[in-house]
Amino acid sequence: MASKIFPLIKEEAHRQKYGLEMIPSENYVSEDVLKVLGSILTNKYSEGHPGARYYGGNEIIDKIERYCQSLANKLFGTVHAIVQPHSGSPANLAVALELAGPGGTTLGQSLTAGGHLTYGAQASWTGKLFNAIQYGVDPKTWHIDLNEVRTLAKKHQPKFIWVGTTAYPYQIDYKGFAEIADEIECFLVADTSHISGLIVTGYHPSPVPYAHVITTTTHKTLRGPRGGMILVTKKGLEKDPDLGKRLEKSVMPGLQGGPHDHQTAAIAVSLEEALKPSFKTYIGQVVKNAKVLGEELGIPTEVHLLLMSLASFGYGLGYQAQYALEEAGITVNKNTIPGEPASPFYPSGIRLGSAALTTRGMKEKDMVKIASWIKRVLEDIRGLDLPKDQDRRKDFLKEAKTKLRANKNLKEIKEEVKFFAGKFPVPGIQ
Ligand SMILES: Cc1ncc(COP(=O)(O)O)c(C=O)c1O
């Protein structure tokens with residue numbers, strides 16, 4: 001009997017093809033990436049690093065990993081690449097443990113202001129293992145305030161500063177961060193996960209001249225398989241000639257065992273793709289599409305991502321908006337907004353992006369259409385404000401979902417979305 005997983009993959013393929021994927025950290029990989037990811041390379045164990053493995057039979061795997069490292073360095077302009085982290089969070093943890101050590105002081109952007117969990121959020125081990133100091137954003141402009149970063153850095157003397165974001169729609173001033181890190185003589189680590197695709201194509205300034213270390217996921221705008229990389233810059237090696245080796249050891253044997261060789265090989269394929277001129281054209285379109293979405297929805301963006309406050313629709317509406325949009329075939333994620341007035345679990349915003357839609361070939365005129373569906377859906381969450389009394393929330397949200405499931409307007413939009421989205425191809429789905 002065939003596995004029960006196959007029909008579930010078919011169902012998921014249907015969802016991916018006939019819906020609009022607008023979670024800004026997602027994308028669709030190429031058929032070549034899919035092929036390599038599902039290859040026999042998954043059979044091999046290769047603990048260690050190229051040329052120094054604990055297992056035999058790694059001659060070919062060494063070639064694959066070295067090739068992937070060379071592509072990463074070529075694409076980013078770095079001098080030492082570690083391509084073994086299983087994903088973005090372990091890459092960040094490996095860097096933080098090596099540079100700060102347990103109990104060491106770190107400085108990073110807070111989760112509610114748009115930073116990632118791994119920069120020291122309380123719910124993450126990075127908030128418990130380190131003396132994690134957090135900076136926010138200006139409550140009015142939602143921009144990073146370098147004066148706040150400088151004040152905190154001088155006061156707490158962190159071992160390193162994180163400059164990276166997961167829900168921040170503006171460009172980042174790496175030079176400004178470097179001035180602060182250099183002033184207090186600490187490391188600067190740029191987590192470019194969200195904007196790597198923009199950086200390597202010149203649509204966002206590069207941190208390479210300014211940061212000592214770069215971490216990135218490979219599966220967002222870079223459009224590779226899920227994975228993580230740690231890259232060391234020339235500036236990093238000048239500060240500590242051992243930095244590359246130290247971080248390599250922090251990943252393995254420090255934190256991980258065997259690398260995922262099928263994943264490393266698939267990352268190499270995606271880096272080959274990212275080095276082609278067509279990738280630059282793709283990212284250019286991602287940025288144009290995000291801009292149009294922003295103009296239509298009345299929110300600013302300088303990258304691929306938009307953070308929309310729903311405060312003008314009511315209180316604590318992020319969850320309800322995410323659910324209503326999903327009922328209409330549009331996938332986004334609820335998100336806290338700076339100075340979150342409601343709750344981290346039931347926040348006041350949604351986060352949207354253009355990377356996945358653009359991979360399917362959608363252009364500016366399609367964004368106008370999609371924005372008009374989003375606006376129609378959001379009208380239907382008016383009046384579904386989150387109860388201030390926490391004990392009432394569970395029952396209230398259950399009722400709200402039942403109401404939204406029965407909503408005729410959402411059903412109508414879902415049919416329109418299905419007809420529209422079905423016309424755009426998804427790599428790997430017939
Ligand atoms: C900026 C940033 N860093 C790190 C990560 C963690 O990556 P992963 O989910 O692969 O662990 C994310 C994921 O969303 C991210 O946005």
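**Around the ligand and across the predicted model**

In this predicted model, the ligand is surrounded by 14 residues, and the closest are Ser 87, Gly 88, Ser 89, Thr 166 and Ser 193. Helix H4, which runs over residues 88-100, supplies the largest share of this shell, with 3 residues. Sorted by class, the shell holds 13 polar residues and 1 charged residue, with no nonpolar ones.

A good place to continue is a lysine that carries a database annotation. An unreviewed UniProt entry marks Lys 220 as "modified residue: N6-(pyridoxal phosphate)lysine". In the model, Lys 220 sits in the loop that joins strand E9 (213-217) to strand E10 (228-232). Is Lys 220 buried or exposed? There are 27 other C-beta atoms within 10 Å of it, so Lys 220 counts as buried, the cut-off for that class being 20 or more. Setting aside neighbours within four places in sequence, the contacts of Lys 220 are Ser 25, Asn 27, Ser 193, His 194, Ser 196 and Ala 355. Ser 193 is thus a contact of Lys 220 and is also listed with the closest residues to the ligand.

Helix H4 also contains Pro 90. This proline is partly exposed because it has 18 C-beta neighbours inside 10 Å. Beyond residues up to four places away in sequence, Pro 90 touches Pro 85, Gly 228, Leu 255 and Gln 256. Its C-alpha atom is separated by 25 Å from that of Glu 273, and the two residues are 183 places apart along the chain.

The same unreviewed kind of UniProt record also describes longer stretches and scattered positions. The "domain: Serine hydroxymethyltransferase-like" annotation, from an unreviewed entry, spans residues 4-374. In the model this span is 43% helix and 15% strand, and its end C-alpha atoms lie 35 Å apart. A "binding site" annotation in UniProt, again from an unreviewed entry, lists Leu 111, Gly 115, His 116, Leu 117, Ser 343, Pro 344 and Phe 345. Two of these positions can be followed into the structure. Leu 117 lies in the loop between strand E5 (105-109) and helix H5 (126-129). It has 16 other C-beta atoms within 10 Å and is therefore partly exposed. Leaving out residues up to four places away in sequence, Leu 117 touches Leu 111, Ala 123 and Ser 124; Leu 111 belongs to the "binding site" list as well. Phe 345, for its part, is placed in the loop between strand E13 (333-335) and strand E14 (349-353). With 13 C-beta neighbours inside 10 Å, Phe 345 is also classed as partly exposed.

The backbone has a few features worth a pause. Most residues other than glycine have a negative phi, and most peptide bonds are trans. Against that background, where does the model show a cis peptide bond? The bond from Met 252 to Pro 253 is cis, with omega near 15°. Pro 253 belongs to the loop between helix H10 (243-251) and helix H11 (261-274). Trp 142, although not a glycine, has a positive phi of about 60°. Trp 142 is found in the loop from strand E6 (131-135) to helix H6 (146-156), and 19 C-beta neighbours inside 10 Å make it partly exposed. Gln 157 is likewise not a glycine and has a positive phi of about 45°. It lies in the loop between H6 and strand E7 (160-164), and its 13 C-beta neighbours inside 10 Å mean that it counts as partly exposed.

Two packed helices are described by the angle between their axes and the distance between the axes. Helix H3 (residues 59-76) packs against H11 at an angle of about 35°, the axes being 9 Å apart, and the crossing is left-handed. On the H3 side, the residues making the contact include Ile 61, Ile 64, Leu 71 and Leu 75, while those of H11 include Ala 265, Ile 267, Ala 268 and Leu 271. By class, the contact between H3 and H11 has 12 nonpolar, 1 polar and 3 charged residues.

Finally, Leu 410 lies in helix H17 (residues 408-421). This leucine is buried, because 21 other C-beta atoms lie within 10 Å. Not counting neighbours within four places in sequence, Leu 410 is in contact with Ala 324, Glu 327, Ala 328, Val 377, Asp 380 and Leu 404. The C-alpha atoms of Leu 410 and Gln 322 are 12 Å apart in space, with their positions 88 residues apart in sequence.

How values were computed:
Residues are numbered from 1 along each chain as its sequence is written. This is a predicted model: local features need pLDDT of at least 70, side-chain atom pairs count only at pLDDT 80 or more; totals for chains, interfaces and linings use all residues. A residue is near a molecule or strand if its C-beta atom, placed from the backbone, lies within 6 Å of it. Helices (H or I, at least four residues) and strands (E, at least two) are DSSP runs, numbered from the N terminus. Ala, Val, Leu, Ile, Met, Phe, Trp, Tyr, Cys and Pro count as nonpolar, Asp, Glu, Lys and Arg as charged, and the others, Gly among them, as polar. UniProt positions are given in the numbering used here, feature names are shortened, and annotations may be inferred rather than shown by experiment. A residue is buried if 20 or more other C-beta atoms lie within 10 Å of its own, exposed if 12 or fewer, and partly exposed in between; C-beta atoms are placed from the backbone. Two residues are in contact if their C-beta atoms, placed from the backbone, lie within 7 Å. Axes are lines fitted to C-alpha atoms, for helices over the stretch in contact, and angles run from 0 to 180 degrees between N-to-C directions. A crossing is left-handed if the near helix is turned anticlockwise from the far one by less than a right angle, and right-handed if clockwise.
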